[in-house]
Number of protein chains: 4
Amino acid sequence: MLKPKRLPAEKRKRVIIRAAIEVFSESNYRVAKISDIAARAGVTDPMIYKFFSSKSILFQEILKKTSSKTLQDFLEQDFFYMEKITCKEHFRLAIEKSLFSYFSSMEKYRKELKIYFQAISEVDEPDIEKVLKDSYQNYASLYESILQKGAEANIIQLEMSAKAIAWDIIGFMIHQSTLFLMGFYVEEDTKKLLNQRVSMWIP
Amino acid sequence: MLKPKRLPAEKRKRVIIRAAIEVFSESNYRVAKISDIAARAGVTDPMIYKFFSSKSILFQEILKKTSSKTLQDFLEQDFFYMEKITCKEHFRLAIEKSLFSYFSSMEKYRKELKIYFQAISEVDEPDIEKVLKDSYQNYASLYESILQKGAEANIIQLEMSAKAIAWDIIGFMIHQSTLFLMGFYVEEDTKKLLNQRVSMWIP
Amino acid sequence: MLKPKRLPAEKRKRVIIRAAIEVFSESNYRVAKISDIAARAGVTDPMIYKFFSSKSILFQEILKKTSSKTLQDFLEQDFFYMEKITCKEHFRLAIEKSLFSYFSSMEKYRKELKIYFQAISEVDEPDIEKVLKDSYQNYASLYESILQKGAEANIIQLEMSAKAIAWDIIGFMIHQSTLFLMGFYVEEDTKKLLNQRVSMWIP
Amino acid sequence: MLKPKRLPAEKRKRVIIRAAIEVFSESNYRVAKISDIAARAGVTDPMIYKFFSSKSILFQEILKKTSSKTLQDFLEQDFFYMEKITCKEHFRLAIEKSLFSYFSSMEKYRKELKIYFQAISEVDEPDIEKVLKDSYQNYASLYESILQKGAEANIIQLEMSAKAIAWDIIGFMIHQSTLFLMGFYVEEDTKKLLNQRVSMWIP
DNA sequence: GATGAATGAGCTTTCATTCAT
DNA sequence: GATGAATGAAAGCTCATTCAT
């Protein structure tokens, strides 16, 4: 092993997270050992604790980071640049594009996705449960507020509460993620389904 | 402690398996402790080892038992009583009914289903991987042979190999199971999808 | 396994001891399991406890039984039938014959011998230590009393106490037993050595 | 508890080995508990596992280390500095001296010797058997090669193969070790026997 | 008289985590 | 700032032994 370089804290932290993502995704939260992660990151065990106060916290940070990063990707593309959305059809398209963009990024985030599904088995740890819920909540809130805005601006009319629709959208995302991880994802099918759903959500 | 009742081996084994199913399904394979299972079954740890030589074996036995029990349920209903199946439509119906019967039993086997999905995270243990694969394989073989028979009897014509179709059927089952566990299962939707698929499988 | 016959207690006990001798001699006191012994004897574990209150007791009984049996063999041959021993030379011959008879029986008692040497590693259990010592003591006492009788009858003259000589005889027996178990026993050599020693003991 | 001193790994390992030698030699491999050894070494159980991956490995390392240490002592004294050995008499003397040096060191290695004899009861563990055999083999090879050299240089003439003689030498060593441990070792006697044997080996 | 059922007690081993240097 | 040394706590598993039937 190469002599461990002195890295600036932020960088080192990122290296550790990257290593942890790999190690966790290769087995699971319980089987993965701190020392495996440390070895993969090229540091010693206590270094992990310098940045993350416990294994659980490290796991949670991964969940949070992944969630916020994908959310970021999302916002940056700004599918919902309202100036451009002037009619229902545009609105529908924006929803479609945003979701499809998520589906397209699944390959890139395959490992993180696996970790998300592991997390489901760990919901008896309340902290983990919270992070998991929050992460879904963020997405839901985003869609909820967008739908709200669209409705307020009279661009669209909703038949259900914005919240209910938002959570159905999240459900669809999770569902497709599962299909993806299990090897059942077929882009064409999803596209069609997505189209149908959008018509349902925004009638 | 309540005075430990003496049970004949077969009964005790069943009690332990039941307890293990509960304990495993409430958290996961790694988190569940032998002593939790023992306590739930109202026995001491060593009793577990009288019946199952290791925790992993116990887990595997649950997987196997569940698999063979649901398969049994299946065979007993004999959807494929060939004397009665004389035309393609009957054949299609038999497939539909058999699958729908499986979907209907998911609620009954919710815990076992959860354990099956936990097992996916444990496939780095080769024994567990094998049991998992075998269990799917059994179902696949069943459908394969049925399709084969139907084709040989000229009741149906297949556009793909019986094997490929069989595995697509399994995929559909797994997919619906996932939806179910995640709370996304809607009987109506599944019925429609099932209908479509059957038309695909048996054109 | 054949249905366990109802055996008279004494016979059953002997069967168990025989099984225990085999099982112990094949590994060692700690590694040998009660259930192995029971299986070998064709009985269930609790049966062992019917006859021997603990594993240690069973081990001790083997030591005792072996000791008394070989001692018995010894006495029966009556090398020291005093009427026939009228001179030093006869006395020496009796000693020689008695020891040589022991050496000749080592093959027959190989397993028991192994157990004796195992017992040495277990002397931290005081009971076992006692049995071991007693067993040597019995032999020693025998020789001591014979030497005493010989001296009192003026057949032989001793240069050391009868006790000291007796224990040296025991030492020689143990030594030869060790050689035997380790595969270094050569009858010819032992015969010569024995002859020398006898001259020493009875000058 | 006394505050646990921090020791560099090498030192700590030596402390543990020393403790293990004592604890093993005081009872036996099965009776000695890891926690006994840890306590004796003034550490907690897991420290043992930092250095030795299992109890069996620890035991084996002791056997190996002892074997290589005594062999080292041996080689350092260089009884077989060939320049000085020019005639049969010198050669014989070298053999005698080397063996006698070993016998003289038995007191120093009494505990290790006891452990070696324990190991015999544990030969059903194949790893232990191997270590034991290798350890004897090393000594045998040493003597074999020396005898070979002597014969090739025409300093001595052998009546048997160098290998056979080498193993007879090992047998003699083991035998004397046994006598020593059982309290029957008498330097004088051994010297005489040794002298005889050497005449046999190198006639 | 014999056994199947059950357990107490204990051992090896693992791992997240801390702390002195 | 980084690490090697050390441990607390617990888990899986084994085995001699007991007891109800």
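## DNA strand F

A polar backbone atom of Leu7(D) sits 2.9 Å from a phosphate oxygen of DNA strand F in this predicted model. The side chains join in too: a polar atom of Tyr49(B) lies 2.6 Å from a phosphate oxygen of the strand, and an N or O atom in the side chain of Lys50(D) is 3.0 Å from one. (A polar contact here is a pair of N or O atoms within 3.5 Å; within protein, one must be able to donate a hydrogen and the other to accept it, and residues adjacent in sequence count only if both atoms are side-chain atoms.) The elements giving two or more residues to the surface near DNA strand F are H3 of chain A, H3 of chain B, H3 of chain C, and helix H1 (9-26) and H3 of chain D. Helices (H or I, at least four residues) and strands (E, at least two) are DSSP runs, numbered from the N terminus.

There are 33 residues around DNA strand F, and Tyr49(B), Tyr49(C), Arg6(D), Ala9(D) and Arg12(D) come nearest. Of the strand's atoms within 4 Å of the protein, 70% belong to sugar and phosphate. A residue is near a molecule or strand if one of its heavy atoms lies within 4 Å of it. By class, the surface near DNA strand F has 18 nonpolar, four polar and eleven charged residues. Those classes put Ala, Val, Leu, Ile, Met, Phe, Trp, Tyr, Cys and Pro under nonpolar, Asp, Glu, Lys and Arg under charged, and the others, Gly among them, under polar.

## DNA strand E

Now for DNA strand E, which has 35 residues around it; Arg6(B), Ala9(B), Arg12(B), Pro46(B) and Tyr49(D) come nearest. Sugar or phosphate accounts for 69% of the strand's atoms within 4 Å of the protein, and bases for the rest. The surface near DNA strand E splits into 18 nonpolar, four polar and 13 charged residues.

Polar side-chain atoms reach phosphate oxygens of DNA strand E from Arg12(B) at 2.6 Å, from Tyr49(A) at 2.8 Å and from Lys50(B) at 3.0 Å. At least two residues of the surface near DNA strand E come from each of these: helix H3 (45-51) of chain A, helix H1 (9-26) and helix H3 (45-51) of chain B, helix H3 (45-51) of chain C, and helix H3 (45-51) of chain D.

## How the chains pair up

Chain B has 18 residues in contact with 17 residues of chain A, where contact means heavy atoms within 4.5 Å. The two bury about 1300 Å² between them, with 70% of it on carbon and sulfur atoms. His175(B), Met182(B) and Phe184(B) supply 29% of the area that chain B buries against chain A, more than any other three residues. (Buried area is the accessible area, with a 1.4 Å probe, that two parts lose on being put together, summed over both.)

In the other pair, 17 residues of chain D are in contact with 17 residues of chain C. About 1300 Å² is buried between chain D and chain C, carbon and sulfur atoms giving 70%. Here His175(D), Met182(D) and Phe184(D) supply 29% of what chain D buries against chain C, more than any other three residues. Chain B and chain C share no contact, and their closest C-alpha atoms lie 13 Å apart. Chain B and chain D don't touch either, with nearest C-alpha atoms 20 Å apart.

## Symmetry

A turn of 179° and a shift of 0.1 Å along the axis lays chain B on chain A with an RMSD of 0.2 Å. That is how a two-fold axis relates its copies. Copies are superposed by least squares on the C-alpha atoms of residues with pLDDT of at least 70 in both. Arg30(B) comes closest to the rotation axis of the residues of chain B, at 3.2 Å (C-alpha). Because 94% of the interface residues of chain B are also interface residues in chain A, the copies meet through the same surface.

Chain D goes onto chain C with a turn of 179°, a shift of 0.1 Å along the axis and an RMSD of 0.2 Å. For chain D, Arg30(D) comes closest to the rotation axis, at 3.2 Å (C-alpha). The interface residues of chain D are 100% interface residues in chain C as well, so these copies meet through the same surface.

## Annotated spans and conventions

An unreviewed UniProt entry lists residues 33-52 of chain A as "DNA-binding region". That span is 75% helix and 0% strand, and the end C-alpha atoms of residues 33-52 lie 14 Å apart. The "transmembrane region" annotation, also from an unreviewed UniProt entry, covers residues 165-186 of chain A. UniProt positions follow the numbering used here, feature names are shortened, and annotations may be inferred rather than shown by experiment. Residues 165-186 of chain A are 77% helix and 0% strand, with end C-alpha atoms 24 Å apart.

Residues are numbered from 1 along each chain as its sequence is written, while chains are lettered from A and ligands numbered from 1 in the order in which they are written. Since this is a predicted model, local features need pLDDT of at least 70, side-chain atom pairs count only at pLDDT 80 or more, and totals for chains, interfaces and linings use all residues; side-chain values use heavy atoms, leaving out hydrogens and water.
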